[in-house]
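Biologist: Please take a close look at one helix-helix contact in this model, and then place it in the rest of the chain. Which residues meet there, and how are the two helices set against each other?

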Amino acid sequence: MKKVDFIVIGCGLASISFCEVLKANNKTFMVFDDASQQSSIVAAGLYNPVILKRFSEVWKAQVQLDIALPSYAKIENELNVKVDYQHSIFRRFNSIEEQNLWFTASDKPSLEPFLSTDIKQNNNKYIDAPFGLGEVLHAGRVDTKHLISAYKKDLSSKDSMREERFHYDKLNIGDSDVSYKSIIAKHIIFAEGFGVKQNPYFNHIPLNGTKGEVLTIKAPDLKLDSALKSSVFIVSIGDDLYKVGATYEWTDKTNTPTENAKEELISKLKTFITCDFEVIDHSAGIRPTTGDRRPLVGVHPEHDNLYVLNGLGSRGVMIGPYVAQKLFNFIEKNIELDTEIDINRFEN
């Protein structure tokens, strides 16, 4: 039998964030992942402190960035990979009225650090933006697919990873530990995203799940080196390639890309991009979303060594490191979880 401090189920953004906290605190762990959940892999990976539809602040944006950016820098250094690409995000204005709303928002103390007050004139002949662009500062993109691939490879090399399906019926829960196959641990963390719906211990939590579809296009003439938001996002990923997304679908819970979503994304993209492009990839995943847009973190009501870390939604890049630290402090330091992320907020 192999003894560790933690078993972690899943290897997406939530799990990686928690593993980073474990490593920083010299805790041992074993990760199980069967690559069945695609949301972290197919995500565009943007981190953006502003809700650009309403020009309002993302929940705890500055606090999240202060934790997340050093975490990704540490991973890059330790794994010798490049995953964090810091760049502005530009919001295409549809009218003078939107410009005025932008200036009003930029006067708010919580948004002032993130919104440039200089309206950028569009100089790209293949972008239709007659009312100019607003610049979001302290933003960027994490290459989530590369991050997860490199992280899994590193864990496997250290015998801290099992790339296999986790069978819940083989988990034995004791008073002071849990065991699974040949692994004994003090605690187990379920961070399997939408896969929690199959988890008999936490399938009661109110995780909705929202399907998102993303295109990868090749547009040699566009020459955009950042991210642009209009009716959809378009994000440069290098070599004349761009991610375009994303859709929101609440009923279809499969990872299968659909022609309707592809047509929707292409149609919206063509409203502000005028150059030719080729679709070279189309992917889909189920975001682990919640009704109140807050994470789902906490302990099982009957087993105090079973925990959940979930509900990161579409902003897992920013939220993951923040809530991972909160959960660790709850387990190891007995620091109560904030009510707005604790799964107990739904107990009534």
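Modeller: From helix H1, the residues Leu13, Ile16, Glu20 and Lys23 meet Ser71, Tyr72, Lys74, Ile75 and Glu78 of helix H3, where contact means heavy atoms within 4.5 Å. Helices are DSSP runs of H or I with at least four residues, strands are runs of E with at least two, and both are numbered from the N terminus. The residues of this contact divide into 4 nonpolar, 1 polar and 4 charged. Here Ala, Val, Leu, Ile, Met, Phe, Trp, Tyr, Cys and Pro count as nonpolar, Asp, Glu, Lys and Arg as charged, and the others, Gly among them, as polar.

This is a predicted model, in which local features need pLDDT of at least 70 and side-chain atom pairs count only at pLDDT 80 or more, while totals for chains, interfaces and linings use all residues. Residues are numbered from 1 along each chain as its sequence is written, and side-chain values use heavy atoms, with hydrogens and water left out.

Two packed helices are described by the angle between their axes and the distance between the axes. H1 covers residues 13-24 and H3 residues 61-79; they pack at an angle of about 75°, with their axes 11 Å apart. The axes are lines fitted to C-alpha atoms, for helices over the stretch in contact, and angles run from 0 to 180 degrees between N-to-C directions. H1 and H3 are therefore roughly perpendicular to each other, a term for angles of 65 to 115 degrees.

Just after H3, Asn80 lies in the loop between H3 and strand S6 (84-86). Its phi is near 55°, a positive value in a residue other than glycine. Most residues other than glycine have a negative phi, and most peptide bonds are trans. Asn80 is exposed, with a relative accessible area of 71%; buried means under 20% relative accessible area, exposed over 50%, and partly exposed in between, with a 1.4 Å probe and protein chains only. Lys223 also has a positive phi of about 55° although it is not a glycine. Lys223 is in the loop between S14 and strand S15 (227-229) and, at 57% relative accessibility, counts as exposed. The peptide bond from Gly245 to Ala246 is cis, with omega near -10°, and Ala246 is found in the loop between strand S17 (241-245) and helix H6 (259-269).

Some loop positions are buried. Leu115, in the loop between helix H4 (96-106) and strand S8 (133-136), is buried at a relative accessible area of 3%. Leaving aside neighbours within four places in sequence, Leu115 is in contact with Val50, Trp102, Ala105, Ser106, Glu135 and Val136. Gly45, in the loop between helix H2 (39-42) and strand S3 (46-47), counts as buried at 7%. Residues up to four places away in sequence not counted, Gly45 touches Gly140, Arg141, Val142, Thr144 and Val317.

As for the whole, the protein chain has 7 helices and 20 strands. Buried residues make up 53% of its 348 residues. Among contacts between residues at least 6 apart in sequence, 72% join residues at least 24 apart. The radius of gyration of the protein chain, taken over C-alpha atoms, is 21 Å, which agrees with the value near 20 Å for a compact globule of 348 residues; the globule rule is 2.2 Å times the number of residues to the power 0.38.

Terms used:
Angles under 35 degrees count as roughly parallel, over 145 as roughly antiparallel, 65 to 115 as roughly perpendicular and the rest as oblique.
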